Amino acid sequence: MSEQRREKFLIDSDCDPELVRLLQRVGFRARSVLALQIANDDTLNLIWAREHGYILVCHDKRRDHVTKYAFNSEMFYRGGQVIRISGQPGQDATLALGKILAQRPAWQEHFRKDSGQVVVHPRGCNFTTAAALFERTRYALKLPMEDPAVPLRERKRLPIRKRKPREPRASAGLM
């Protein structure tokens with residue numbers, strides 16, 4: 001396979017740093033988020049990876065709804081490719097490399113068609129499109145309203161209070 005067709009990977013901080021070296025040894029271009037000194041923010045990592053033609057590799061399940069919403073919104077509106085390695089963060093780099101390489105034909109095919117996330121595991125991989133991730137996240141966020149301007153447009157007018165007539169002040173100097 002020619003060097004031009006090999007994927008480039010941005011390895012997240014939750015992966016064993018050895019994974020970068022292993023990917024490079026088998027002929028891929030791989031960089032670590034730690035070496036690039038990108039802020040420890042999943043959404044910023046996704047933006048950097050997309051802008052530079054990399055696939056983001058991580059373990060994150062992004063359980064925090066706000067982070068998940070920002071990340072999946074970015075992927076939905078602007079695109080991005082994420083390989084999430086099944087298992088615990090920081091697992092053995094050789095095992096993580098095996099999962100990525102064993103499922104390579106499957107995730108390559110999916111990424112040719114659409115942006116999204118692939119979860120690689122020893123028995124296969126699961127692909128979720130960016131649109132499906134965004135829809136799940138949007139409803140899971142449970143915001144009180146879809147558009148923050150809705151309450152302002154639909155609010156009831158406050159009742160106009162009538163002022164009590166003022167009584168004239170007695171001037172202190174006239175007595």
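These legends describe close-up views of side-chain contacts in a predicted model.

**View 1. Y69 and F134 form a tilted aromatic pair.** The model counts 9 aromatic pairs. In the pair of Y69 and F134, the ring centres are 6.0 Å apart and the planes meet at 35°. Y69 belongs to helix 4 (residues 65-78), while F134 belongs to helix 7 (residues 130-141), so the contact ties together parts 65 residues apart in sequence. Y69 is partly exposed, at 25% relative accessibility. F134 is buried, at 4%.

**View 2. F111 and F127 meet edge-to-face.** Centre to centre, the rings of F111 and F127 are 5.9 Å apart, with 75° between the planes. F111 comes from helix 6 (residues 104-113) and F127 from strand 6 (residues 124-129), so this pair ties together parts 16 residues apart in sequence. F111 has a relative accessible area of 9% and is therefore buried, the limit being under 20%. F127, at 22% relative accessibility, counts as partly exposed.

**View 3. A cluster of rings includes F28, which also carries a charged neighbour over its ring.** Ring pairs link F9, F28, W107, F111 and F127. R6 places its charged end over the ring of F28, 5.4 Å from the ring centre.

**View 4. R104 and E7 form a buried salt bridge.** The model holds 6 salt bridges. Between R104 and E7, the closest N and O atoms are 2.8 Å apart. R104 sits in helix 6 and E7 in the segment before strand 1 (8-11), so the bridge ties together parts 97 residues apart in sequence. Both R104 and E7 are buried.

**View 5. R21 and E18 form a salt bridge within helix 1.** The closest N and O atoms of R21 and E18 are 2.1 Å apart. Helix 1 spans residues 18-25, and the two partners are 3 residues apart, about one turn of the helix. R21 is partly exposed, at 37% relative accessibility. E18 is also partly exposed, at 29%.

**View 6. E109 and K113 form a salt bridge within helix 6.** Here the closest N and O atoms are 3.8 Å apart. E109 and K113 are 4 residues apart, about one turn of the helix. E109 is partly exposed, with a relative accessible area of 36%. K113 reaches 62%, so K113 counts as exposed, the limit being over 50%.

**View 7. R50, E74 and R78 belong to one salt-bridge network.** Salt bridges with shared partners join these residues.

Methods
Residues numbered from 1 in each chain as written. Predicted model: local features only at pLDDT ≥ 70, side-chain atom pairs only at ≥ 80, totals over all residues. Heavy atoms only, no water. Phe/Tyr/Trp six-rings, centres within 6.5 Å; stacked < 30°, edge-to-face > 60°. Helix = DSSP H or I, 4+ residues; strand = E, 2+ residues; numbered from the N terminus. Buried < 20%, exposed > 50% of the residue type's maximum accessible area, 1.4 Å probe, protein only. Lys NZ or Arg CZ within 6 Å of the ring centre and 35° of its normal. Salt bridge = Lys/Arg side-chain N within 4 Å of Asp/Glu carboxyl O.
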